[in-house]
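I opened my notebook for a quick look round. Here is what I looked up, entry by entry.

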Amino acid sequence: MKDLLFLSSITLMTWTGYTQPPLLDFQLQTPEGPALVDPVDIASAGDGSGRLFIVEKRGTVRIIENDTVRASYFLDVRPLGIYTAGECGLLGLAFHPDFPSKPFIYIYYIKSGPVSRIARFDVNPNNPDDAQENTEFIILEVDQPSFDNHKAGDLAFGPDGYLYITLGDGGSAGDPGENGQDGQELLGKILRIDIDNGNPYSIPADNPFVDDEDVLNEIWALGMRNPWRLSFDRETGDLWIGDVGQGIWEEIDFEPAGSGGGRNYGWDCYEGNATYEGAGCLDISNYDFPIFVYPHNCSQGPCPYGTGNSITGGFVYRGSEFTSMQGYYICVDYGSENIWLITHDGENTEITMQPGGSMFNQLTTFGEDDDGELYAATLEDQLYRLVPDGFLPVYLTHFDLIPGETTVDLRWKVENVADITMFTLERSTDGIFFRPIGIVTPAPDKLNYTFTDLVPGSTINYYRLVYTLFDGSAQISAVRTIDRSHYEISTEIYTHASGGLAVIFHGDVGQTGVLVYSSDGRIITRQNIDESYSDIEGTRMLPVGVYVVVVKSDAHTWIHKWLKH
């Protein structure tokens, strides 16, 4: 068992490659016809028509087709008593997943009261550009406190066909009603309901709290403050949530497909990863923490991945026109306009920050068209289409950890340092809360760097490297994990400058065999070595791809994944 645990820890600290994230451009769209007014959501019907549906806060929905804004409204709920002060109004729109065979749309709006209302409307069977206001069927109403903020208001159908609904904590500041953690309140939650059964809906049998008397059956997740935009990855089904913070931290939450729900994202016990209100809170193990946070300012310490004041959650790009954007989750800060591109594989999160500059102002929402191409809109009544504009430079070649009895050496290599202003090393003892442990200033023409962590926080530690560029952008490496209880002997691999495989020993490994396998299990090469060795025979000219490297001595076996690029 000890060898098995050792093998697992070594595998986690193995080098993996870094890809070039795209440099994004928000191309202004100028369709003919009436101007948009306070757009807050973008939807598509999923029917192949190519139409974009623009939700306007005042209570109207416009159609854009063939670069033209239709003169008539698709929907106008202003006569229904909509309340539009502050962050209220018409906030969300979703089409039935079987549209148009089931010709229904669902909207979230704030009605005078204030009341959050989720309602269904029929689309005119004789005119697909007309949702009939007189067919309103109320699905759900939730009473709101008399504050004009934190209404959330997003609607999305998951891959399971159920409707997911975001509700903010009710408003003001600091969740005065303690709604986020109250299982008997729908405010401060994500809900999941079945709109195809029941009257007006039913509870899915596998909702996480159906057998819990302390939590309402509709609830999918607790501890939300103001989840302004959630989305499902079209390819994987993963759920991404942008939750607006209080005064210090903004956050992105992530749920892998098939997770089963039931997560508690912490508000108002936690804001991001930081304690907000300790009284009455549960043990920390009861909460699920964000995969990414950024601060409102840098007074808390180094601020290598940008700042902002209100997250606008986005989408994972799954369109077909721009392969360089594939798989990146894209989100923006409403105030600073900084842009983040995020990938997450269930364990590791890699983040790239692109300064917003002056491309847009007050970006409120993203949306997908029928083909998965991404659009965005601002409160300045502008519509944008997201396209790549080259690539953000990737400088990091590899990032390794070398354990010692009382220290950990962090070692990394970059391609060049001309544009890098600083390296920030971060450590965590639980893989959740990362804190800076040091800053290294690059030197001219120096490509290899080492930083020694003299006071590791625990036996098992998590590390990541942030490098900040002169233009303000920043990139964050994947997390590296190390178990210092096995410091006495280990192996690691990386790609040698020649393009071949390099194997490094730490400790007295002795006579060792190296076997390289292709991804389909074929042996590419085998070689016996007795010291650290670069350019393993037969690996220099291998095509780009993923290979499995087995390093075997008399006493130990190590398995590595080698990404050759």
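I started with β41, which runs antiparallel to strand β42 (residues 557–564) and is joined to it by eight bridges. Strands here are DSSP runs (E, at least two residues), numbered from the N terminus, and two strands pair if DSSP finds at least two bridges between them. Between β41 and β42 I found a hairpin of four residues. I also saw β41 (residues 545–552) run antiparallel to strand β39 (residues 512–517), with five bridges joining them. V551 turned up twice: V514 has V551 as its bridge partner in β41, and V551 has W558 as its partner in β42.

A note on my source: this is a predicted model, where local features need pLDDT of at least 70, side-chain atom pairs count only at pLDDT 80 or more, and totals for chains, interfaces and linings use all residues. Residues are numbered from 1 along each chain as its sequence is written, and side-chain values use heavy atoms, with hydrogens and water left out.

Next I went to Y467, in strand β34 (residues 460–469). Is Y467 buried or exposed? Y467 is buried (under 20% relative accessible area, 1.4 Å probe, protein chains only), at 2%. Its side chain makes a polar contact of 3.0 Å with that of Q475; the term means N or O atoms within 3.5 Å, one able to donate a hydrogen and the other to accept it, and residues adjacent in sequence count only if both atoms are side-chain atoms.

Last, I checked R318, in the loop between β22 (311–316) and β23 (329–333). R318 is buried too, at 19%, and its side chain has a polar contact with the side chain of D233 at 2.8 Å.

Note on methods: Buried < 20%, exposed > 50% of the residue type's maximum accessible area, 1.4 Å probe, protein only.
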